[in-house]
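Please keep the model open while reading these notes. They go from the whole chain to a few local spots.

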Amino acid sequence: MPAPKKTARRSLLVTSAVLSSLALAAPVAVAAPKPSDSPSASASPSATPPASMSSVGGARLGRPGTQVNLASGVPVLPKDVSARSWIVADAESGDVLAAHNAHWRLAPASTLKMLFADTLLPKFPSDTKHKVVPADLAGIGAGSSMVGIKEEETYTVHDLWLGVFLRSGNDAVHVLSAMNGGVENTVKAMNEHAEELQALDTHVVSPDGYDAEGQVSSAYDLTLFARSGMQKKDFREYASTVRAKFPGQTKKGKKGKKTRESFEIQNTNRLLAGDSDVPVYQGIAGVKNGNTTNAGATFTGVAERGGKVLLVTVMNPEKPEHNEVYKETARLFDWGFKAAGKVQPVGELVPPKGAAQAKPGANPSGEAGGSGDGGSGTTGTGSKPVAGAPAADGSSGIGTALGITGGVLVLLAGAAFLVNRRWPLPDLVRRRTRP
């Protein structure tokens, strides 16, 4: 989008209260038929995308292949991106800068946990305690990623969300689902929330993203989940946490005294925590990765650079290289930051259905599961979050992205969905340790 038009859009922020009173209707979402529970709705996709897909967000996003408006001054897309599906979007305006098979329904793996978190985070204050019973851990798929939850031990909701975001723990997902009335009830709530977000490519069968017949999503929908979740203060902090302490198992000493020590867990998002062949990405602030047999590797990331905040989703790279999903994400981020402000968008991230009723100024902290005073957030300290990178001294302190000031939905002309301008801005200087 040309700079003059972008400036004009942002200037409407000052009149958002007036615009919201107009109660404009959200754009009509047109989607392909929902997947059924029949054998044809397999989690294993075909080798090629459908000739026609959903047109939510714009007609070009429903076409197979790469969609981008190359013109003078617009950098060429990286040629070494092998993912079946990907999308690069402006997190603030919702402009889709480029996409490839954006609405192809594929197995999502643990990136589906973004929808799980966005659905359930408001349900329970972070200091709520829960004693795990055997039934809570029933039905976890073989080979699932686990954080190490033990039966008959008590955990806080804060502990459980750290397990979900950092270790992608299916055990933590199942415990939270049990607290929410069970897996079936949670799946129902997730599907309803996906529909509210206009994520119409998504059909949830298992809340943890474990491969299941008929369970699908798309790069477009995963990006909607991330954009919605990042408007919640606690979602932002969990998604950008690099490492944390997690409660271990209670043990009896020689004199019968019970002790319970903690162990360290680290985020499996390699662009956030780094790896031998993947450096920490400059400006990264979350959000979620996944990997299963049917899905392959999937990832949605958010990063800020030069005042721009981008969302990139990459699904199932065909190249078998180690950490390929992160490498391709980084290349698309690099392109997006160079192209932002120069390239005409090929579509948009649509607003939730209820965006027209959102009132600017409501819950300005964007915090889920409690009031906006920090008491119900992930830290409970009331202090500002810190950097999305490991501490310089190598300690077990955890870093989180500098908080987004908003969470406010602003209604603009044409019912565009725009989050508060202050998105994650990692501060690589300040550090603090959190339990």
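1. A residue counts as buried when its relative accessible area is under 20%. By that cut-off, 58% of the 435 residues in the protein chain are buried. Keep in mind that this is a predicted model.

2. Next, the overall make-up. The protein chain has 10 helices and 15 strands. Take the contacts with a separation of 6 or more: 70% of them join residues 24 or more positions apart.

3. Now the surface. The protein chain exposes an accessible surface of about 17,200 Å². Carbon and sulfur atoms account for 54% of that area.

4. Why is helix H4 described as largely enclosed by the rest of the structure? The helix spans residues 157-167, and 10 of its 11 residues are buried, so the rest of the structure largely encloses it. Among the buried residues are Trp161, Phe165, Leu160, Leu162 and Leu166. His158 and Asp159 are on the buried list too, as is Gly163.

5. Look just past the end of that helix. Serine 168 follows H4. Its phi is positive, near 55°.

6. Turn to glycine 283. Where is glycine 283 found? It lies in the loop between helix H9 (270-273) and strand E10 (284-292). Its relative accessibility is 17%, and the cut-off for buried is under 20%, so glycine 283 counts as buried.

7. Glycine 283 also has a partner to check. Its C-alpha atom is 4.8 Å from that of glutamate 304. Along the chain, the two residues are 21 residues apart.

Technical notes
Residues are numbered from 1 along each chain as its sequence is written. This is a predicted model: local features need pLDDT of at least 70, side-chain atom pairs count only at pLDDT 80 or more; totals for chains, interfaces and linings use all residues. Side-chain values use heavy atoms; hydrogens and water are left out. Helices (H or I, at least four residues) and strands (E, at least two) are DSSP runs, numbered from the N terminus. Buried means under 20% relative accessible area, exposed over 50%, partly exposed in between (1.4 Å probe, protein chains only). Contact means heavy atoms within 4.5 Å. Accessible areas come from the Shrake-Rupley method with a 1.4 Å probe; for residues, only the protein chains shown count as cover.
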